[in-house]
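Visitor: I'd like a close look at one part of this model: the enclosed stretch and the contacts around it. What holds that region together, and what surrounds it?

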Amino acid sequence: MACLDNRIVFNEQPLLSKEQSGQGQVIQQSAEIMDEPLIGAFRCSDASTEQGCLEEAHASAKCSMTTGQAHHRTDQMTTTSSGALPIEDWLKAEPAHQRREALPPPQQPAPTAINMWSLIKDMVGKGELSRVATPVQFLEPLSELQQRCEDMEFSELLDQAAAVERCSLERLLLVTAFAVSAYSGVKRTCKPFNALLGETYELACPEKGFRFISEKVQHEPTTINRVLAEGRGWTFELEDELHTRFTGTAVELAPIVLLQVAFSDGDTYRWGKAMTSINNVIVGRIHLEHKGSWRLRGVQSGLIACMKFHAATMLSSKSKLHEVSGVVEKDGVALKGVKLRGKWDRELHADLPDGSSRLLWRVNPPAADPSRYCMTPWVLRLNDLTPQLAGRLPHTDTRLRPDVRCLELGIYDQAAVHHKQMEEGQAKKLARIAKPGATHEPRWFERVGGCGKIGEEYLFRYRGGYWEACAAGAFAAQETQIERE
Ligand SMILES: CC(C)CCC[C@@H](C)[C@H]1CC[C@H]2[C@@H]3CC=C4C[C@@H](O)CC[C@]4(C)[C@H]3CC[C@]12C
């Protein structure tokens, strides 16, 4: 165990070597069982105790390794006297990342489809989609945490909003466009991998001017994922819990989410999410629909965007599909002449009081070849494990999960084996922390709320230190340390 800035950094072992990353090589399974934690916000690294044997499954799912080198340029990082690395300094020092244009071609023929009912029947009564063990055939090579990062595709809207006057209508409209844009990516109908407790996912995106960090912070009583993204002049936070219900033909998702953008001039915006319904899950063509009303509130300005997703009815024409509309209110009165309209999978326009109309947001063009998993160019980069990243990620990062990686490489049989092992390991860990006196402490976020339910305020708060640890080469240093032993 090493100490950095008074924070504990844990002994962790890489799951994939940089040579294996993304280069399409077959991942071999190692028979060696590790005692050290591989994934999770681990409180202990005493390998000899039962406590220390966290994540047995990760351990047994460990892939053969070769030496990884840290590729991060720590020498260029400037840290302030308190050791913090503000976004502006980080952006100056963070090297550009390569971004791939396509997923690797699959190495095995796709497995035959299995009956959807076998999945649904498990879900009935569980109330949470992220609790259902899902065969890999139903999954796409992304985890829940990476799916949260999809929402950042149009982060430019927040940059634009940061540049306009605080508490202005303009700013409210831009943040609303960002909120709507978050729905546009997910038209795919595959399930992402359930995040494991303690799993993290980061995205360093200097080209778009932001950094993103997320962690699955709670499993009981409900699954909670926590996100923090920082850009120039803004921070975006999300904490969510997803409740599901099966209606007989559809699966309905009722997210309890607290989303917030805080600008550095002290102006904040908060909103929730609409209901999502996954229609025709048993027969017919499966498709997604978002429905219901939600509000985006300017906390200081008092301006509220009242948005509505229109559900398609039997009679509604095709042109009404995916429609979204809204008005802006202040003190309960709608502002005259201001209207928002568009489609959540395409664009959002604003009609303004002077009679003009403005395009606030439009989707990016689709990938050149969307044949594998139909991912957009933005999404297909999220699980990319470049050599640059392989040397610096903490071992809790989703990109190092062998099950997700194998599925991405189209090594379906191995993906299934790894997936089973990881789910078993997770079940053991959950059983262990359910014992009296045992708890799970998230690594990068700390609990500030009491009751375990998301309400008006966040239950978890960022502890700080992730990017600083990364810049100091702490995650890579751990790897080196283990290699020496
Ligand atoms: C058999 C069925 C249930 C499988 C369904 C798989 C797909 C369609 C499901 C699994 C997880 C789901 C996502 C989970 C969470 C959210 C956040 C919410 O605010 C918008 C919808 C969105 C983004 C969901 C879209 C649909 C989704 C991708």
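Guide: A yardstick to begin with: a residue is buried if its relative accessible area is under 20%, exposed if it is over 50%, and partly exposed in between (1.4 Å probe, protein chains only). This is a predicted model, where local features need pLDDT of at least 70 and side-chain atom pairs count only at pLDDT 80 or more, while totals for chains, interfaces and linings use all residues. Residues are numbered from 1 along each chain as its sequence is written, and side-chain values use heavy atoms, with hydrogens and water left out.

A bit of context before we zoom in. The chain has 485 residues, and 56% of them count as buried. Its secondary structure adds up to twelve helices and 19 strands; both are DSSP runs numbered from the N terminus, with at least four residues (H or I) for a helix and at least two (E) for a strand. Take the contacts (heavy atoms within 4.5 Å) between residues at least 6 apart in sequence: 63% of them join residues at least 24 apart.

Now to the part itself, helix H9, residues 402-409. Eight of its eight residues are buried, so H9 is largely enclosed by the rest of the structure. You might expect a nonpolar list, but have a look: the buried residues of H9 are Pro 402, Asp 403, Val 404, Arg 405, Cys 406, Leu 407, Glu 408 and Leu 409. The cover over them includes strands E3 and E4 (191-193), along with helix H10. Right after H9 comes Gly 410, which has a positive phi near 70 degrees.

So what are the charged side chains up to in there? Asp 403 makes a salt bridge to Arg 401, with the closest N and O atoms 2.8 Å apart. The rule for that term is a side-chain nitrogen of Lys or Arg within 4 Å of a carboxyl oxygen of Asp or Glu. Asp 403 and Arg 401 are both buried.

From H9, let's follow its cover, H10, towards the chain's later residues. Another salt bridge turns up there, between Arg 463 and Glu 441, and its closest N and O atoms are 3.2 Å apart. Arg 463 sits in the loop between strand E19 (460-462) and H11, and Glu 441 in the loop between H10 and E18, so this pair ties together parts 22 residues apart in sequence. Arg 463 is partly exposed because its relative accessible area is 25%, and Glu 441 counts as partly exposed too, at 30%. Back in H9, Arg 405 and Glu 408 belong to one salt-bridge network with Arg 100 and Asp 384, joined through shared partners.

Stepping back, the salt-bridge count comes to 31. One of them joins Arg 148 and Asp 240, whose closest N and O atoms are 2.6 Å apart. Since Arg 148 lies in helix H4 and Asp 240 in strand E8 (residues 234-246), this bridge ties together parts that are 92 residues apart in sequence. Arg 148 counts as buried at 9% relative accessibility, and Asp 240 is buried as well, at 6%.

The rings are worth a look too. There are 16 aromatic pairs, where rings of Phe, Tyr and Trp (its six-membered ring) pair if their centres lie within 6.5 Å, and planes under 30 degrees apart count as stacked, over 60 as edge-to-face and the rest as tilted. Phe 154 and Trp 361 make an edge-to-face pair, 5.5 Å centre to centre with 80 degrees between the planes. The two are 207 residues apart: Phe 154 is in the loop between helices H4 (144-149) and H5 (156-163), and Trp 361 is in strand E17 (residues 357-362). Phe 154 counts as buried at 5% relative accessibility, and Trp 361 is buried at 3%.

Trp 444 and Tyr 466 also pair edge-to-face, because their ring centres are 5.0 Å apart and their planes are at 80 degrees. This brings us back to H10: Trp 444 is in the loop between helix H10 (412-434) and strand E18 (445-447), while Tyr 466 is in helix H11 (residues 466-471), 22 residues away. Trp 444 and Tyr 466 are both buried. They also belong to one aromatic cluster with Trp 90, Trp 467 and Phe 475.
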